[in-house]
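I sat down with this one to look up a few things, going from the whole chain to single residues. These are my notes, in the order I took them.

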Amino acid sequence: MSHNIEQLQRHEIPNRVRFVPGNGDLTKTVVTTNTSAAEIYLHGSHVTGFQKNGESPLLFMSDKSLFAPGKAIRGGVPICFPWFGSREGLPAHGFARVMAWELVATTALPDGGVCVRFRLPENAGGANAFLGKVDFIVTVNDALTMELHVTNPVAEPLIFEECLHAYFSVGDINDIAITGLKGAHYLDKTDNNARKLETGDAIKIVSETDRVYLDTTGAVEIHDAKLRRIIRVEKGGSASTVVWNPWIAKARAMADFGDEEFRGMVCVEAGNVGQNQITLASGKSSALKVKLSSPPLK
Ligand code: BG6
């Protein structure tokens, strides 16, 4: 369902924030700052674009993406919540990415940036309703910062997984190297979840890659030799890092992803999944934070 744009318009900020009909008639938030531009759909509270002035887009979006209630957007930054991966009979990666979120507030920042806050509707998830309060805060300036805040207002602990599943745009998959994960253990989803040790300084993507790096809290970088930039992923409150590229066969098998698009993207996802899932005691809050920046590759 499309949001009532007129109701949202009272949150517009001249030259900074607008609400417009986007693809599939879903409402999107268009953010403009002194140094960058971003787009966020209320569907999934999904960031579909971030671009610094004079640079190419930081986030990959598939030309084949669906834009429809109940369907996930392919590209940008899906919010996987309150579970990660598949669950029998339930939406993969949780229900948060396939439903409309509410807009809470828009703020113009003194540095020329913009902050937009969204909230998962109460009782979202129907029979699998999540009982916590979930806010997603996007700060746009010369970096893109995303925060997923969860608060537990009920008596019992809440257990959940969460992941900000960022798709990055790269010049050529053959010309990138991913650093920052050396020495970490990962579960290799392409090899029956075998537990392996990352030994390389730099990860090269040369085949289907689907890895959950555990207990990894440090920054991860994508060094892009073709676009001459580094995509820096700084994490806060995140113990898991997922690296994903579908490669040839899986790309062909996905209806909402172009056959050749795997050459121009890679996912480096920050979250808390599997054994790093969160158990939130009554009255407590958690904050998952990701800051994306793009310094030049020298
Ligand atoms: C990754 C998972 O995070 O997301 C992969 O590790 C999965 O296993 C990929 O294929 C895409 O998932 P989906 O549900 O968006 O097709």
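What follows are my entries, starting with the overall picture.

**Entry 1: the whole chain**

I note first that this is a predicted model. I went for the secondary structure and got 2 helices and 23 strands. Next I checked the overall dimensions: the C-alpha trace spans about 50 × 50 × 35 Å along its principal axes. How does the radius of gyration compare with that of a compact globule? The protein has 18 Å, and a compact globule of 298 residues would be near 19 Å, so the two agree.

I then looked at burial and found that 55% of the 298 residues count as buried. For contacts between residues at least 6 apart in sequence, 63% join residues at least 24 apart. The accessible surface comes to about 12700 Å², and carbon and sulfur atoms hold 49% of that. I also looked up the charges: there are 31 positive and 33 negative ones, and their mean positions are 2 Å apart.

**Entry 2: backbone oddities**

I keep the usual picture in mind here: most residues other than glycine have a negative phi, and most peptide bonds are trans. Which residues does a cis peptide bond join? I found F81 and P82, with omega at about 0 degrees. P82 sits in the loop between strand 5 (79–80) and strand 6 (102–108).

Then I went through positive phi values. N193 has one near 60 degrees and is not a glycine. I placed N193 in the loop between strand 14 (185–188) and strand 15 (194–197). Its relative accessible area is 43%, so N193 goes down as partly exposed.

D215, also a residue other than glycine, has a positive phi near 50 degrees. D215 belongs to the loop between strand 17 and strand 18 (220–224). Is D215 buried or exposed? Its relative accessible area is 53%, and exposed means over 50%, so D215 counts as exposed.

**Entry 3: R211 and T241**

I picked R211 next, which lies in strand 17 (residues 209–213). I wanted to know whether to call this arginine buried or exposed. With a relative accessible area of 17%, R211 falls under the 20% cut-off and so is buried. What does the side chain of R211 make a polar contact with? I found the side chain of Y213, at 3.1 Å. Leaving out neighbours within four places in sequence, R211 is in contact with Y186, L187, E198, I203, T241, V242 and V243.

That list led me on to T241, in strand 20 (residues 240–245). T241 is buried, its relative accessible area being 1%. Its side chain has a polar contact of 2.9 Å with the side chain of K235. Beyond four places in sequence, the contacts of T241 include R211, V212 and Y213, and also T216 and V220. L181, V268 and E269 are among them too.

**Entry 4: A219 and V220**

I followed T241 to V220, and took A219 along as well. A219 is found in the loop between strand 17 and strand 18, while V220 is in strand 18. Which of the two is buried? A219 is partly exposed at 28% relative accessible area, whereas V220 is buried at 1%.

Not counting residues up to four places away, A219 touches T179, G180, R232, V233 and E234. On the same terms, V220 touches I178, T179, L181, I231, R232, V233, T241 and V268.

I also pulled two C-alpha to C-alpha distances. A219 and K291 are 72 residues apart in sequence and 9.4 Å apart in space. V220 and G89 are 131 residues apart in sequence and 34 Å apart in space.

**Entry 5: L59**

Last I looked up L59, which lies in the loop between strand 4 (46–52) and strand 5. Despite the loop position, I have to log L59 as buried, because its relative accessible area is 5%. What is L59 in contact with, leaving aside neighbours within four places in sequence? I got V47, G49, F50, G76, V77, L144, Y167, F168, S169 and L292. For V47 I checked the spacing too: L59 and V47 are 12 residues apart in sequence and 8.9 Å apart in space, C-alpha to C-alpha.

Notes:
Residues are numbered from 1 along each chain as its sequence is written. This is a predicted model: local features need pLDDT of at least 70, side-chain atom pairs count only at pLDDT 80 or more; totals for chains, interfaces and linings use all residues. Side-chain values use heavy atoms; hydrogens and water are left out. Helices (H or I, at least four residues) and strands (E, at least two) are DSSP runs, numbered from the N terminus. Buried means under 20% relative accessible area, exposed over 50%, partly exposed in between (1.4 Å probe, protein chains only). A polar contact is a pair of N or O atoms within 3.5 Å; within protein, one must be able to donate a hydrogen and the other to accept it, and residues adjacent in sequence count only if both atoms are side-chain atoms. Contact means heavy atoms within 4.5 Å. The radius of gyration is taken over C-alpha atoms; the globule rule is 2.2 Å times the number of residues to the power 0.38. Accessible areas come from the Shrake-Rupley method with a 1.4 Å probe; for residues, only the protein chains shown count as cover. Lys and Arg count as positive and Asp and Glu as negative; His and the chain ends are not counted. The place of a charge is taken as NZ of Lys, CZ of Arg, CG of Asp or CD of Glu.
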